[in-house]
Amino acid sequence: MTDQPNRIPQYQYLYETLRQDIIRGVFKAGDLLPSESVLQQQYRLTQPTIRQALSLLVQEGYIKKHQGKGSIVQAIPIGLGVMSLQTHVAHVDENAAVSEGPSAEVITTIILAKPILCPFPNELLFYPTDETPDTQYYCLERLRSVNGNPVFFEKLILPNRYLPNLSRQRLTNRSFFDLLRTKYGLVVTGGEQKIQALAADQSIAGQLQIEPGSPVLRLEKRIDTNKSDFSFYSLLFARTDQFLLQGRF
């Protein structure tokens with residue numbers, strides 16, 4: 001693994017390599033990943049490093065570990081950030097699971113406001129108590145749509161550290177978590193979230209192309225990473241009339 005970027009730990013680099021192989025279809029749903037011993041020989045890594053990478057794949061739903069079989073690749077859901085989507089269909093058996101494959105939906109992400117430095121927004125329920133009052137944050141806004149229909153309007157707030165040239169990165173139609181992981185070595189490890197149902201005000205209704213007063217989901221997160229001094233924040237408004245949201249966090 002001589003081409004591994006110096007800033008990324010070995011387990012993370014292996015995780016990203018295997019994850020990309022799954023996304024590209026090198027390993028398809030139902031396939032077995034190479035065994036731990038084969039991965040050790042192929043990448044010249046230790047067993048703990050191999051297991052740490054596989055553990056991340058399990059946590060994110062890319063594989064399942066089966067005793068006596070190994071690591072089995074799972075079907076990739078349609079993803080929007082840390083959420084996945086299932087199409088909501090009326091008048092079907094309530095026990096029937098309805099899902100759409102990646103080829104059935106076109107997901108787009110547009111940037112409404114590029115990253116700029118700003119103070120921490122006072123509209124958030126979370127507050128970074130471990131930061132100084134004059135800490136600057138990158139603030140950006142994006143809109144995510146499925147087949148041209150807006151689903152998520154999101155504001156992201158990130159501390160101004162470990163993110164050189166963030167404003168120059170391509171953010172349109174790109175997973176933000178993937179960008180943090182591959183470009184900056186920042187891996188999401190968990191966090192805390194607060195959820196509220198409310199009526200959309202004029203601004204949110206305009207972004208999501210719904211009538212003012214329509215019900216929306218307000219989902220706010222503090223997202224922790226592998227760096228103890230780097231947590232960032234997401235304020236997301238979602239319309240769930242056409243889609244059910246599911247996912248790990």
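**Helix 4, one disulfide and the aromatic pairs**

Reader: Which phi value does Gly185 take just after helix 4?

Author: In this predicted model, where residues are numbered from 1 along each chain as its sequence is written, local features need pLDDT of at least 70, side-chain atom pairs count only at pLDDT 80 or more, totals use all residues, and side-chain values use heavy atoms, without hydrogens and water. Helix 4 covers residues 176-184, and Gly185 comes just after helix 4. The phi of Gly185 is positive, at about 65°.

Reader: How many helices and strands does the chain have?

Author: Both are DSSP runs numbered from the N terminus: H or I over at least four residues for a helix, E over at least two for a strand. On that basis, the secondary structure of the chain comes to five helices and eleven strands.

Reader: What share of the residues in the chain is buried?

Author: Buried means under 20% relative accessible area, with a 1.4 Å probe and protein chains only. The chain has 249 residues, and the buried part of them is 42%.

Reader: Which residues of helix 4 are buried, and what covers them?

Author: In helix 4, the buried residues are Phe176, Phe177, Leu179, Leu180, Arg181 and Tyr184. What covers these residues includes one helix near the start of the numbering, helix 1 (10-24). The cover also includes strand 6 (137-146), strand 7 (149-159), strand 8 (188-199), strand 9 (215-225) and strand 10 (231-238).

Reader: Among contacts between residues at least 6 apart in sequence, what share joins residues at least 24 apart?

Author: A contact here means heavy atoms within 4.5 Å. Among contacts in the chain between residues at least 6 apart in sequence, the share that joins residues at least 24 apart is 62%.

Reader: Which residues form the disulfide, and how far apart are their sulfur atoms?

Author: A search of the whole structure finds one disulfide, that is, a pair of cysteine sulfur atoms within 2.5 Å. The disulfide is formed by Cys118 and Cys139, and their sulfur atoms are apart by 1.8 Å.

Reader: How many residues apart in sequence are the parts that Cys118 and Cys139 tie together?

Author: Cys118 and Cys139 are both buried. Cys118 belongs to strand 5 (residues 107-118) and Cys139 to strand 6, so the parts that the pair ties together are apart in sequence by 21 residues.

Reader: Why is the pair of Phe120 and Tyr137 edge-to-face?

Author: The structure holds eight aromatic pairs; rings of Phe, Tyr and Trp (its six-membered ring) pair if their centres lie within 6.5 Å, and planes under 30 degrees apart are stacked, over 60 edge-to-face, the rest tilted. The rings of Phe120 and Tyr137 have centres 5.2 Å apart, and the pair is edge-to-face because their planes stand at 70°.

Reader: Where do Phe120 and Tyr137 lie, and are they buried or exposed?

Author: Phe120 is in the loop between strand 5 and strand 6, and Tyr137 is in strand 6, so the pair ties together parts 17 residues apart in sequence. With relative accessible area at 13%, Phe120 is buried. Tyr137 has 2% relative accessibility and so counts as buried.

Reader: At what angle are the ring planes of Phe120 and Tyr233?

Author: Tyr233 counts as buried, at 4% relative accessibility. Phe120 and Tyr233 have ring centres 5.1 Å apart and form an edge-to-face pair, because their planes are at 85°.

Reader: How many residues apart are Phe120 and Tyr233?

Author: Tyr233 lies in strand 10, while Phe120 is in the loop between strand 5 and strand 6. The pair links distant parts of the chain, and the number of residues apart is 113.

Reader: Which residues form one aromatic cluster?

Author: Two of the members, Phe176 and Phe177, are also among the buried residues of helix 4. The full cluster is Tyr162, Phe176, Phe177, Phe230 and Phe232.

Terms used: Buried means under 20% relative accessible area, exposed over 50%, partly exposed in between (1.4 Å probe, protein chains only).
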